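Here is a short briefing to read alongside the model. It starts with a single residue pair and works outwards to the chains.

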Protein chains: 2
Amino acid sequence: MQSLPFYPKGFRSCAKNVGIRDTTLDFTVIASDVPAAAAAMFTQSRFCGAAITVGREHIVDGQLQAFVINSKNANVATGEQGLANTRDIVQLVADELQIAAKDILPSSTGVIGWQLPMDKMRVGIQGIAAEMRPEQLHVSAHAIMTTDTRPKMRACRIGDAVLVGMCKGVGMIEPNMATMLAYFMTDAQLAPDQLKQCLNEVVNLTFNMISVDTDTSTSDTVAIMANGLAGEVPLADFKQAFLAMATDLARDLASDGEGATKLLEVTVEQAASFEQAKTVAKSIVNSPLVKTAIFGLDPNWGRVAMAIGKCQQYTDILPEKVSIAFGDLLVYQGQALGQDKLEQLTAYLQNSEVAIRVSLGTGDASATVWGCDLSYEYVKINGEYTT
Amino acid sequence: MQSLPFYPKGFRSCAKNVGIRDTTLDFTVIASDVPAAAAAMFTQSRFCGAAITVGREHIVDGQLQAFVINSKNANVATGEQGLANTRDIVQLVADELQIAAKDILPSSTGVIGWQLPMDKMRVGIQGIAAEMRPEQLHVSAHAIMTTDTRPKMRACRIGDAVLVGMCKGVGMIEPNMATMLAYFMTDAQLAPDQLKQCLNEVVNLTFNMISVDTDTSTSDTVAIMANGLAGEVPLADFKQAFLAMATDLARDLASDGEGATKLLEVTVEQAASFEQAKTVAKSIVNSPLVKTAIFGLDPNWGRVAMAIGKCQQYTDILPEKVSIAFGDLLVYQGQALGQDKLEQLTAYLQNSEVAIRVSLGTGDASATVWGCDLSYEYVKINGEYTT
């Protein structure tokens, strides 16, 4: 298990197996030694999990002291009992760590429609105060995984401060407010309002721009705690570092998309608005026909044209003004550029990252989104991810 | 090749190979002996094919005399040359059959981004007047196929009149105005306005309610010719027969969806509006996670909850008022109904048709949509459908 090069001051964590489903890591607590400024964004799903309901209540005052996360069970569609269970878990952890329950943000991820095994969880939570240690955040990145093939974490320095980020999620991924689960911890000193605005800007350019399968999770959460132990840092520096880290993590999520063999990056330029650019880019990155063509190394760029075309709401998009390129290889510019491009495109598709660039010719806005190809393995994973 | 039990009077057709891509049937002409009242609906794709552009011009006066359809090449993203080629084909057929070019509705379906092989097409069209015969419409249903595994056609009687319908399309199917290609021929006598309204109503409840892969074709066309040779029929009878036939054909399309092993029928009831019911039903039928679970016989109904939840625009949908059933098996009603349902659900999923019924509890509107599961074969077909 790889550790991080450095850790923010004043954060401790533990990660363990409490037996929710099997014997792998399924439970983690990440806590700050002191109450921290905090911000969070959640799924907009109408079927959100119990943890989301509780998390929304607890983030209101812009202060948190701990994240409590279980994998293997999403605690979604579990009614009043499910909600009571989440509140119980939060209270048990609060009692253990001697912090306020309202300063805990809970998350659950995994199967939908099952009650949490509360007896096992109670036993697992007992005594965790003694298990909390600094410099083991990287173990938490393992504990939050479901069908992820690898942990996703990053660390960087901003002056004297350190920012650490981790996330999970490889399926049911088309975040509309945040990705499945992503957590950031920093010892920089930032006000809750600054954090909130920062998080909003960063999420909208990163986690909200990825899609593995168009399915929006019931458990999406991205949250950040800033405990201030390293003092102030320039806000612009912090924002820049945060954006860069979130972009890397968003790409990590997309490239580890269920069954993915390739990372797809779609950039739409010369669009009438950011919204138009994003909508067209999402249409391309989400098209099963585009995704299977890329998996199959099929130079069928016509499917990109189809995916642009199905954004029917934009009557200002005219095929004669559109161009389509893969990497630097232009294949369509108002019309097909000839069949000799197909051989070059087939060669380009061998890359593990495929960049599709579209120019709409309707304005000067642009957007970049990330996704992955659609493989046999996606079908296998999701046909067999049995309840 | 199976023939139809009866044919409408005054329609002749031919179907042949003109060598567009291989040696299978790839070209067909269906013509009425006399000019016919006609109506048509087309894709709303911004990247629509040349045939759509010409078809839109020709349907304006509510009169047609022939459909001219080629498969294996969609003539999309082919610029001015592509448009000129479609006009040439229409004129060649008009000259051959001695009918007006403006009374011909052309269609092209197949690969995007290639010019039609005009030399071969000119040779193929020569002499077709002599090949046009009555009572061989069923051969046309073969000639319009691309990756379809079987022809889709129906015939019925309405009094003395006969209505015949055929369609094709198994991928790039989420019609927004019409499905890929569907043609109806009747000898009933109907006014163009009646036909137009009838077509609109029927298409919105049938072809616009199916989705194989969320990808909207660049070539969607559904058209009907009524040549009046059998005289008048009661409009209500005609509409009823037309709706029933279009429903059957829409289900045929969905169940032959690329790689499909099962037909999915999703009905959403007790919704606030038809639009809400349709949106939620489409969200379910289009969810890759729902589709793969059904392919894998996984009783993971939580994914249906997820797909309802991601319709975030409907804040009136409350999980505690929702119920979810598979066939007659209720699995969720405000909360999960227990894990003993899972075994029964696994058994139910063995059926070749899977019916998902959701009640939203927000009103009294309903909608039914059709789709199919997502299998290895879908990935295979579309990773290998090489340009």
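The side chains of E353(A) and R251(A) form a salt bridge, with 2.8 Å from N to O; the term stands for a side-chain nitrogen of Lys or Arg within 4 Å of a carboxyl oxygen of Asp or Glu. This is a predicted model, in which local features need pLDDT of at least 70, side-chain atom pairs count only at pLDDT 80 or more, and totals for chains, interfaces and linings use all residues. Side-chain values use heavy atoms, leaving out hydrogens and water, while residues are numbered from 1 along each chain as its sequence is written and chains are lettered from A in the order in which they are written.

**Domains of chain A**

- Chain A is split into domain 1 (11-255) and domain 2 (263-384), with bounds that come from an automatic or database domain assignment.
- Taken over C-alpha atoms, the centres of domain 1 and domain 2 of chain A are 33 Å apart.

**Where the two domains of chain A meet**

- Contact (heavy atoms within 4.5 Å) involves 17 residues of domain 1 of chain A and 17 residues of domain 2 of chain A.
- Between them, these domains of chain A bury about 1400 Å², 57% of it on carbon and sulfur atoms; buried area is the accessible area (1.4 Å probe) that two parts lose on being put together, summed over both.
- Two salt bridges are counted between domain 1 and domain 2 of chain A.
- The same pair of domains in chain A has two residue pairs in polar contact, both residues at pLDDT 80 or more. A polar contact is a pair of N or O atoms within 3.5 Å; within protein, one must be able to donate a hydrogen and the other to accept it, and residues adjacent in sequence count only if both atoms are side-chain atoms.
- On the side of domain 1 that touches domain 2, the elements giving two or more residues are α5 (192-205) and α6 (235-255) of chain A. Helices here are DSSP runs (H or I, at least four residues) and strands are E runs of at least two, numbered from the N terminus.
- α6(A) gives the most to that side of domain 1, with four residues.

**A salt bridge between strands**

- R357(A) and E269(A) also meet in a salt bridge through their side chains, at 3.7 Å from N to O.
- R357(A) lies in strand β12 (residues 353-359) of chain A and E269(A) in strand β9 (residues 263-271) of chain A, so the pair links parts of the chain 88 residues apart.
- Over all chains, a search of the whole structure finds 34 salt bridges.

**Chain B against chain A**

- A contact links 63 residues of chain B with 63 residues of chain A.
- The two chains bury about 5100 Å² between them, 59% of it on carbon and sulfur atoms.
- R46(B), F47(B) and Q312(B) lose the most area to chain A in chain B, together 16% of what that side buries.
- How many salt bridges cross the interface of chain B and chain A? The rule finds zero.
- α11(B) gives the most to the side of chain B that touches chain A, with seven residues.

**Symmetry of the copies**

- A rotation of 180 degrees with 0.0 Å of shift along its axis superposes chain B on chain A, with RMSD 0.0 Å; the fit is by least squares on the C-alpha atoms of residues with pLDDT of at least 70 in both.
- The two copies are therefore related as by a two-fold rotation axis.
- In chain B, the C-alpha nearest the axis belongs to Y376(B), 2.6 Å from it.
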